[in-house]
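User: Hey, I'm new to this one and could use a walk-through. Can we start with a residue on the outside and work inward?

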Amino acid sequence: LLRPGRDPQGSVGRQRFLDEARAMARLDHPNVVKIYHVAEHQGEPFLAMELVRGQTLRHLFSSRPAFARRVEILLSAGAGLAAARSDESECNIKMP
């Protein structure tokens, strides 16, 4: 996360953020949160991403779902991670 005026890596950190965000925006996978727009506003980088309503993995697993549901969740996360790794970028995962 880059906060205005607090980027310890300066322009290198900003450029890395923009490069990675653009790489994420190229991903198109049902288990990866979509990045719609990457830009800068008044010199500060930002991205606009899909709003996904739901629960965190921590919350999902704290409710102790059935084994088959846990496997489904982990396979979904793995598919999203595999898609991101094939494009060599970071990603956010969404569950069905």
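Analyst: Sure. This is a predicted model. Let's begin with Leu75, which counts as exposed because its relative accessibility is 59%, and the cut-off for exposed is over 50%.

User: Where does Leu75 sit?

Analyst: Leu75 is in helix H3, which covers residues 67-86.

User: Which residues form a nonpolar patch on the surface with Leu75?

Analyst: Phe67 and Val71 do. Together the three have about 320 Å² of accessible area.

User: OK, zooming out. How many helices and strands does the chain have?

Analyst: Three helices and two strands. Going along the sequence, the pattern reads α-β-β-α-α.

User: And how much of the chain is buried?

Analyst: Of its 96 residues, 26% count as buried. The chain exposes about 7,000 Å², with carbon and sulfur atoms supplying 53% of that.

User: What pLDDT does the chain average?

Analyst: The average is 81, and 78% of the residues score at least 70. Among the elements, S1 has the highest mean pLDDT, at 91, while H1 has the lowest, at 83. As a general caution, predicted coordinates should not be read in detail where pLDDT is low.

User: Good to know. Now the inside: which residues make up the largest nonpolar core?

Analyst: There are five: Leu18, Ala21, Met24, Ile35 and Val38. Helix H1 (10-25) and strand S1 (35-41) each supply at least two of them. H1 gives the largest share, three residues.

User: Why would nonpolar side chains be buried together?

Analyst: That's a general tendency in soluble globular proteins.

User: Pick one core residue for me. What does Ile35 touch?

Analyst: Leaving out residues up to four places away in sequence, Ile35 touches Ala21, Met24, Ala25, Leu47, Ala48 and Met49. Two of those, Ala21 and Met24, are listed in the core along with Ile35.

User: What about Lys34, where does that lie?

Analyst: Lys34 lies in the loop between H1 and S1. Lys34 is partly exposed, because its relative accessible area is 25%. With the same sequence neighbours left out, up to four places away, Lys34 touches Ala25, Leu27, Met49 and Glu50.

User: And how far is Lys34 from Met24?

Analyst: Their C-alpha atoms are separated by 7.7 Å, and the two residues are 10 apart along the chain.

User: What share of the chain's contacts comes from residues far apart in sequence, say 24 or more positions?

Analyst: Those account for 47% of the contacts with a separation of 6 or more.

User: Switching to charges. How many salt bridges are there?

Analyst: Three. In general, side chains of opposite charge can pair when their charged atoms come close.

User: Which one links distant parts of the chain?

Analyst: That's Glu40 with Arg14: Glu40 is in strand S1, Arg14 is in helix H1, and they are 26 residues apart. The distance is 3.3 Å, N to O.

User: Are Glu40 and Arg14 buried or exposed?

Analyst: In between, really. Glu40 counts as partly exposed because its relative accessibility is 40%, and Arg14 also counts as partly exposed, at 28%.

User: What about the salt bridge between Arg16 and Glu20, where do those two lie?

Analyst: Both lie in helix H1, four residues apart, about one turn of the helix. Their side chains meet at 2.7 Å, N to O. Glu20 is partly exposed, with a relative accessible area of 27%.

User: And which residue forms a salt bridge with Arg69?

Analyst: Glu72 does, with the closest N and O atoms 2.9 Å apart. Both lie in helix H3, three residues apart, about one turn of the helix. Arg69 counts as partly exposed at 26% relative accessibility, and Glu72 does too, at 37%.

User: Last thing, backbone angles. What is phi for Gln42?

Analyst: Near 50°, a positive value in a residue other than glycine. Gln42 lies in the loop between S1 and strand S2 (44-49). Gln42 counts as exposed because its relative accessibility is 73%.

User: And what is phi for Arg64?

Analyst: Phi of Arg64 is near 50° as well, again positive in a residue other than glycine. Arg64 is in the loop between helix H2 (57-62) and H3, and counts as exposed at 72% relative accessibility.

Technical notes
Residues numbered from 1 in each chain as written. Predicted model: local features only at pLDDT ≥ 70, side-chain atom pairs only at ≥ 80, totals over all residues. Heavy atoms only, no water. Core = buried A, V, L, I, M, F, W, Y, C linked by side-chain atoms within 4.5 Å. Buried < 20%, exposed > 50% of the residue type's maximum accessible area, 1.4 Å probe, protein only. Contact = heavy atoms within 4.5 Å. Salt bridge = Lys/Arg side-chain N within 4 Å of Asp/Glu carboxyl O. Areas by Shrake-Rupley, 256 points an atom, 1.4 Å probe, with all protein chains shown as cover. pLDDT = per-residue confidence, 0-100. Patch = residues over 30% accessible without salt bridge, like charges linked within 9 Å, V, L, I, M, F, W, Y side chains within 5 Å.
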